[in-house]
Structure formats: C-alpha cells, structure tokens
Amino acid sequence: MRNWPGRGIGQRVGHAFGSRATRFCQRVKARVMRLPQPVRSAAITLILTAAAFLDAGLNYPGKKDWTFWASMVSCAVLLARRRYPRLVLVGTLPGLYAGTALVASMVALYTVARSRRVAWQAWFAAAVVGVGLYLPWPISKELTESASDHIQRVIYAVMLSIGPAALALLLQTREALQARIVELATLRDHERELHAQTVIARERARIAREMHDVVSHQAGLIAVQAGALQVTAKDEGVREVAGTLRGLAVATLEELRSMILVLRAAGAGPTELAPQPRLADLPRLVAESEAGATLELAGYGSDALPLLPEPIERAAYRTVQEALTNARKHAPGAATTVAVELRDDCLRVAVTNTAPPAGPIAFNDQLQLPGGGHGIVGLRERAALLGGTLAAGPTADGGFKIRLSLPLTAAAR
C-alpha cells in the first residue's frame, strides 16, 4: 500500500485530538466525582426527567387530551425513582400504554433493574414495558396494521425494553466484580503480610538458636570456669575477681535468656516477655560497674527518676551500659562520670571518663580485649530511630565522652 504524505499528519492530528478529548473527559469526571453522592443523584434525576418531558411533549401527535396529561404525570413521577422505583414504574405505564412517555418508562425500567438484586424482577419489568411499547393506542389499530408493521414494532419493543434492563444488570455485575477484586486484593495483601511475618519468625528462630547454641554456651563456660577459680584459688584477690567474673557471666546468661525468649515469641506483639531495664535501674548499674563511676542527676524536682516512654528510657540505659563497659575495657582505673539531664524538650545523657593511667593500659593491651566498634554504631542507630543524636569522641585531656540527646514530646514529658 502506498504511504501517502498526508497520512502520517492525519494520524498525528487524530491522535492529538483524541488525547485532548480523553483528558477533558477525565477532568470532567474528576470534578463530577468530587461532588457529594446526593447532589450527583439529584442532578442525574433532574436531567432524565427533563429528557422524559421533552420526549413526551414534542412527540405528542394530537391535541392535548387526557392521554397527554397522563404522559406528563408519567414523566413527573420520575422525581421519586430513587426512593420508590417499582411504584414509579407502575406510574409510568399509563403514559406508555396510552400516551408517548417512552423515555419515562425506559428510565423507570432501568431504575428497577438497577436497584433490585433479583434478576427476575428486572426481566418481568422489561416484559411489561415491552408489551406497552408493542401495543398501539388505541388497541384497535392492531387489526388494521400489516405483518411488516407488527415485526417492526416487535423489534422496536424488544430493543427498547431489554436494553435498559440489560444495562442495569451489567452495571450490577460490574460493581460486584469490583467489590470482589477489592476483596481479593485485601486477601492478597493479608497473605503477603502473613508470609513476611512467617519469614521474620523463621529468621528470629534461627537467630535464637545461634544465640543459644554459641553465645550462651560460651558464656556458660565462662561462668563455670570463673566459679571453679573462685572455689580453688587461694589468693583472696583472685577469688574476688573470679566471683565478679562469675556474676557478670551469670547476668549475661540472664540477658541472653530473655532475648532468646523474645526472639522465639514471633508474632506475640510489642509486649516483652521479661522486664527491660529503665532509668530507675541506672543507680544500680553505675554502682555495679566497677569503673569508679559517679551518677549526676540534673533537671529533676527530686532524686527520683521520672517515668518516660520505655523506648527512651531503654535507649538511655543501654547507652550508659555501653559507655561504662567501654570505660572499664579501654580505660581501667580512669574516673567516669554519668550525667543525666532532663529538659523540657529532651533527655540528655553524657558519660565521660578521664585519661587512663599508664599501668592499666599496658595490662589492657596484654589482655587483648575485643573491641569491634559495633557498640557505638548500634547506639547511634538506636538514637536515630527515636529521632535523637549520639556523639562520641575523645576529650582534650585524653579521655572519652559519649553524648546522647533524645527528644521528648509533650505527651512523653
């Protein structure tokens, strides 16, 4: 086929015109859908009633007798089609059988078929309207018409009666399918969520097994060896250190046992299986740290620590715990200060240690204590999840300082 020069231009013009028409229709539909449902229904009813009046009035052939006014009444009853669809259909039948109210009867038929879930009622209404469309007025004309006229009226009646009923039932089916699609989409999202929860539960169970089989086993061996050393050692200082090691190992085992229980309780909700440490436990933590630490409280009306949201208190406690562990590990013998300050908008925690003496540093180097740097990273992530900040770095005198700031909302305060 020859490719005419103007053919591509025509296609582009048609495509552009179609795109503009589509966008215009979409904008109009969006504006109409923004209107309240009662306003849209009333507007549609008024438009259909006006069309029925025009059909009955302009197509009336003779003088305005009782059949004309019957047609007008049939059009007027359409105003109540939403509330009484079947009564409105009965009210339009006089104008259909004796007058020219064709549009009114078709609108009433559509309303009945659209509003009723039972299909046989729609088809019965279609049959009643179809008979009215077929029969002439007066009925005596039926005997004088030819077979061709009868066939044409049958086709005309079938098309105009079945069409509104079929359209209404089709829209009902479409709405049912849309509701089913929404239901299936909801079920699919629920299944995806359940699958994700199952995967998370399996991973939590795997982590719990690893912690139980590896970490708990090693911590248990430490506790056993420390206990054996505490019993068999002759030196009082060695027994004291062994007792401390055994106590720390037992505490670690308790923490691991609580964490394992939490990990195995997949899907149990946010409730913890064991009480978690809070700000009220800070004095005990500082006293048992064996780092020569002191606790300073600022911004409180009394010595009692306030009750803040559990995530904030837990983050503050874990920060102090990690800082004291680092001070005891990397700066043994150094003075450590834990400062907790409650302000109107935030909670601030600062842990500062001085420069360690030369002797303990050499002893610490011989021990080769592990320090991967993951503790500070974890503290920063915990603070970021709560909208706070954490800074850590050396001080001017050779020490080290960790500063935590967590915001407090009005409800939290």
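# Reading the helices, hairpin and salt bridges

Student: Which residues of α2 are buried?

Tutor: The buried residues of α2 are Arg40, Ser41, Thr45, Thr49, Ala52, Asp55 and Ala56. They lie on the same side of α2, because the arc they cover around the axis is only 160° (taken from the directions from the helix axis to the C-beta atoms). "Buried" stands for under 20% relative accessible area, "exposed" for over 50%, and "partly exposed" for what lies in between, with a 1.4 Å probe and protein chains only. The model is predicted, so local features need pLDDT of at least 70 and side-chain atom pairs pLDDT 80 or more, while totals for chains, interfaces and linings use all residues. Residues are numbered from 1 along each chain as its sequence is written, and side-chain values use heavy atoms, without hydrogens and water.

Student: What is found on the other side of α2?

Tutor: There you meet Leu46, Ile47, Leu54 and Leu58, which are exposed.

Student: How do you know that the span of helix α2 agrees with its number of residues?

Tutor: The expected span is 1.5 Å times one less than the number of residues. For the 22 residues of α2 (residues 37–58) that gives 32 Å, and the end C-alpha atoms are 32 Å apart, so the two agree. Helix α5 (residues 102–115) has 14 residues and reaches 20 Å, close to the 20 Å expected. A helix here is a DSSP run of H or I with at least four residues, a strand a run of E with at least two, both numbered from the N terminus.

Student: What makes Arg114 and Glu175 a salt bridge?

Tutor: A salt bridge needs a side-chain nitrogen of Lys or Arg within 4 Å of a carboxyl oxygen of Asp or Glu. The closest N and O atoms of Arg114 and Glu175 are 2.4 Å apart, so the pair fits that definition. This pair links distant parts of the chain, with Arg114 in helix α5 and Glu175 in helix α7, 61 residues apart.

Student: Why is Arg114 called partly exposed?

Tutor: Its relative accessible area is 25%, so Arg114 falls in the partly exposed class. Glu175, at 37%, counts as partly exposed too.

Student: What separates Glu310 and Arg314 in helix α10?

Tutor: About one helical turn, because they are 4 residues apart in α10 (residues 310–330). Their side chains meet in a salt bridge at 2.9 Å, N to O. Glu310 is partly exposed at 31%, whereas Arg314 is buried at 19%.

Student: How many salt bridges does the structure hold?

Tutor: There are 5. One of them joins Glu341 and Arg343 at 3.0 Å, N to O.

Student: How do you know that β4 and β5 pair?

Tutor: Pairing takes at least two bridges found by DSSP. Strand β4 (residues 389–394) and strand β5 (residues 400–407) have 6 and run antiparallel, so they qualify as a pair. Pro394 stands opposite Phe400 in β5. Their hairpin has 5 residues between the strands, and Gly398 takes a positive phi near 95°.
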